[in-house]
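I opened the notebook to look up the cores, the cysteines, a few helices and some backbone angles. The entries follow in the order I took them.

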Amino acid sequence: MIDVQTKILDLLKVLPASRDATWEKTFLQMLPSAFVTILDPEPQTGPDNWPYLFIEISDRSDEPCTRVIEWLTERGIGMAVNPGKAIPDYVLTYGMLCNYRITASLLTDVEDFGPSELVVQDDKIFIAEPNENYLPKYLRSILLAFFKDQKVLKPRLTLMSTDKKVYDMAFSLESLGSPPPQEHAGISEAIAWFLPAHYGIVLVSEKRVQGFVDL
């Protein structure tokens, strides 16, 4: 039987131009079961200005990837796979690594769990407080540190849904300092780096929606 390490090494031999969605899905399914080599214990700043741990996958690697993922999620760091190549084989945001700890998958197509208690905002919107399933303590801590660096000391948020199936994580505009509309996209993009990719992010005024709680 061919082991996972051999399979993932064969997968990495596929030329970048030939890597499609099926390749990506297979790679992400295999990666947590693989062994990796940490190239530098210090995280490096990527082109997007976020911190990444540089790791390599080879037939000599002996560090379980799951152990590395757990370590990184406690510290707010992403992971770059084989960064020595002209283009790294894969770059994982911090949010993707958190998604693995939350759902046992690095990438989730759609939200597959919801909060247990919902409060009706009106006949079209449902709100709920993010529970430990959505926002584990380690993720909350990292988010709070990020906001503190941005001089946001008390960020507030809630979950919003129109169908009780798919939820957006809504952040209070007032708690973020009421930034102008032209800055909203950049703020959402920055927050998104820390969260699983299937988490929708919206910035909403507390004048429109009730139920915000402190992060």
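I call a residue exposed when its relative accessible area is over 50%, and buried when it is under 20%. The model is a predicted one.

**Entry: positive phi**

I started with the loop between H5 and S9, where Lys151 is found. Lys151 is not a glycine, yet its phi is positive, about 70°. Is Lys151 buried or exposed? Its relative accessibility is 72%, so I entered Lys151 as exposed.

I then went to the loop between S10 and H6, which holds Ser178. Ser178 is also a residue other than glycine, and its phi is positive, near 50°. I noted Ala104 as well, which follows H4 and has a positive phi near 65°. For background, I wrote down that most residues other than glycine have a negative phi.

**Entry: nonpolar cores**

Which residues touch the most other members of the largest nonpolar core? I found Phe147, Phe171 and Leu195, in a core of 30 residues. At least two residues of this core come from each of helix H4 (94-103), helix H5 (137-149), strand S9 (156-161), strand S10 (167-172), helix H6 (184-192) and strand S11 (200-204). H5 gives the largest share, six residues.

I followed Leu195 further. Leaving aside residues up to four places away in sequence, Leu195 touches Gly95, Leu135, Leu139, Leu143, Met169 and Ile201. I also logged a second, separate core of 25 residues, with Met30, Ile55, Ile57 and Met79 among them. In soluble globular proteins, nonpolar side chains tend to be buried together.

**Entry: cysteines**

How many disulfides does the structure hold? I counted zero. I looked up why Cys65 has no partner: the closest cysteine sulfur, in Cys98, is 14 Å from the sulfur of Cys65, which is too far for a bond. My cut-off for a disulfide is a pair of cysteine sulfur atoms within 2.5 Å. Cys98 is likewise in no disulfide, with the sulfur of Cys65 as its nearest cysteine sulfur.

I checked burial for both. Cys65 has a relative accessible area of 0% and is buried. Cys98 has a relative accessibility of 0% and also counts as buried.

**Entry: helix H4 and its crossing with H3**

I listed the buried residues in H4 and found Tyr94, Gly95, Met96, Leu97, Cys98 and Asn99. What do the buried residues of H4 pack against? I noted helix H2 (21-30), helix H3 (65-73), strand S5 (78-81), strand S6 (90-92) and H5.

For H3 and H4, I recorded axes that come within 9 Å and cross at roughly 115°. I entered this crossing as left-handed. On the H3 side, the residues that meet H4 are Thr66, Ile69, Glu70, Leu72 and Thr73. On the H4 side, they are Tyr94, Leu97, Cys98, Tyr100 and Arg101.

**Entry: helix H1**

I finished with helix H1 (residues 4-12), whose buried residues are Gln5, Ile8, Leu11 and Leu12. Seen down the helix axis, these buried residues fall within an arc of 125°, so I noted that they line one face of H1. An α-helix has 3.6 residues a turn, so residues three or four places apart point the same way. I recorded H2 and strand S1 (35-38) as the elements that the buried residues of H1 pack against.

Note on methods. Residues are numbered from 1 along each chain as its sequence is written. This is a predicted model: local features need pLDDT of at least 70, side-chain atom pairs count only at pLDDT 80 or more; totals for chains, interfaces and linings use all residues. Side-chain values use heavy atoms; hydrogens and water are left out. A nonpolar core is a set of buried Ala, Val, Leu, Ile, Met, Phe, Trp, Tyr and Cys residues joined through side-chain atoms within 4.5 Å. Buried means under 20% relative accessible area, exposed over 50%, partly exposed in between (1.4 Å probe, protein chains only). Helices (H or I, at least four residues) and strands (E, at least two) are DSSP runs, numbered from the N terminus. Contact means heavy atoms within 4.5 Å. The arc is that of the directions from the helix axis to the C-beta atoms. Axes are lines fitted to C-alpha atoms, for helices over the stretch in contact, and angles run from 0 to 180 degrees between N-to-C directions. A crossing is left-handed if the near helix is turned anticlockwise from the far one by less than a right angle, and right-handed if clockwise.
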